[in-house]
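Please look at the sequence and the structure that follow. The paragraphs after them go from one residue to the whole chain and back to single residues.

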Amino acid sequence: MPRKPVARAAVAGDEQAAVLVATLTSRGETVAAAESLTAGLVCATLARVPGASAVLRGGLVVYATELKTALAGVDPGLLAEHGAVYPEVAAQLAEGARERCGATWGLGLTGVAGPSAQDGVEPGTVHVGLAGPGTRTVRTLALSGGRDLIRTESVLAAFALLGEHLT
């Protein structure tokens with residue numbers, strides 16, 4: 001029987017996490033995340049890898065909009081004008097995670113896992129931010145599937161974005 005999409009994505013996430021932990025360890029670098037729609041899944045996936053404590057500094061679960069400002073330092077004016085699901089919010093989440101956790105790299109994830117739209121933004125819309133040495137970038141995704149698959153695919157996208165900047 002073939003694996004379900006979420007199970008396949010989770011296995012891929014574990015494999016990507018292992019590569020990231022090994023690469024970050026060899027470079028003497030660290031990572032932290034500020035997560036909204038993934039609610040800690042990035043950090044939890046990294047933490048499953050033996051040796052992750054050498055590179056995973058920590059994370060901020062900022063599911064509630066006001067916590068994006070209070071914990072990650074996202075500009076409240078930006079949130080008021082554009083809402084929580086916006087590319088610049090992901091970038092500021094990444095910067096906030098990096099700064100507040102003292103990491104080399106910061107990841108920021110915001111989006112709508114569904115099943116309903118949020119502030120007019122359709123389910124599957126995800127923004128993944130990355131901040132690091134000389135780097136500040138955002139990738140916007142249009143994912144499909146149920147909540148679990150969207151959240152898991154968001155983690156995969158975050159890992160891929162970081163991995164691209166480590167090679």
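Which residues does Gly-40 touch, not counting residues up to four places away in sequence? In this predicted model, the contacts of Gly-40 on that count are Glu-35 and Val-61. Gly-40 sits in the loop between S1 and H2. Its relative accessibility is 16%, and buried means under 20%, so Gly-40 counts as buried. A second residue, Arg-136, can be used to place Gly-40 in the chain: the two are 96 residues apart in sequence, and their C-alpha atoms are separated by 21 Å.

The loop of Gly-40 belongs to a protein with six helices and five strands. From the start of the sequence to its end, these elements come in the order α-β-α-β-α-α-α-β-β-β-α. With a radius of gyration of 15 Å, close to the 15 Å given by the globule rule for 167 residues, the protein is as compact as a globular protein of that length. Along the principal axes, a box of roughly 45 × 40 × 20 Å holds the C-alpha atoms.

Several totals describe how the chain is packed. Of the 167 residues, 49% are buried. Among contacts with a separation of 6 or more, 66% are between residues 24 or more positions apart. The surface that the protein exposes comes to about 7,500 Å², and carbon and sulfur atoms supply 54% of that area. As for charge, there are 13 positive and 15 negative charges, and the mean positions of the two sets lie 7 Å apart.

The interior can be described through its nonpolar cores. The largest of them has 30 residues, and Val-31, Val-42, Leu-46, Leu-107, Val-128 and Leu-162 are those with the most contacts inside it. Two or more residues of this core come from each of helix H1 (5-27), strand S1 (31-35), helix H2 (41-47), strand S3 (105-111), strand S4 (125-132) and helix H6 (147-166). H6 gives the largest share, eight residues. Another core, of 14 residues, lies apart from this one; Val-62, Ala-84, Val-89 and Ala-103 are among its members.

Val-42 shows what surrounds one residue of the largest core. Leaving out residues up to four places away in sequence, Val-42 touches Ala-33, Glu-35, Leu-107, Leu-109, Val-155 and Phe-159. Glu-35 appears in this list, and Glu-35 is also touched by Gly-40.

What does Thr-137 contact, leaving aside its neighbours within four places in sequence? Its partners are Val-128, Gly-129, Leu-130, Leu-161 and His-165. Thr-137 is in strand S5, which covers residues 135-142. Partly exposed is the class between under 20% and over 50% relative accessible area; at 25%, Thr-137 is partly exposed. Leu-107, a residue of the largest core, is 30 residues from Thr-137 in sequence and 9.9 Å from Thr-137 in space, C-alpha to C-alpha.

The last residue on this route is Asp-148, in helix H6. How exposed is Asp-148, and what is its relative accessible area? The value is 49%, and Asp-148 is therefore partly exposed. Between Asp-148 and Thr-45 there are 14 Å in space, C-alpha to C-alpha, and the two are 103 residues apart in sequence.

Methods:
Residues numbered from 1 in each chain as written. Predicted model: local features only at pLDDT ≥ 70, side-chain atom pairs only at ≥ 80, totals over all residues. Heavy atoms only, no water. Helix = DSSP H or I, 4+ residues; strand = E, 2+ residues; numbered from the N terminus. Rg over C-alpha atoms; globule rule 2.2 N^0.38 Å. Buried < 20%, exposed > 50% of the residue type's maximum accessible area, 1.4 Å probe, protein only. Contact = heavy atoms within 4.5 Å. Areas by Shrake-Rupley, 256 points an atom, 1.4 Å probe, with all protein chains shown as cover. Lys, Arg positive; Asp, Glu negative; His and termini not counted. Charge placed at Lys NZ, Arg CZ, Asp CG, Glu CD. Core = buried A, V, L, I, M, F, W, Y, C linked by side-chain atoms within 4.5 Å.
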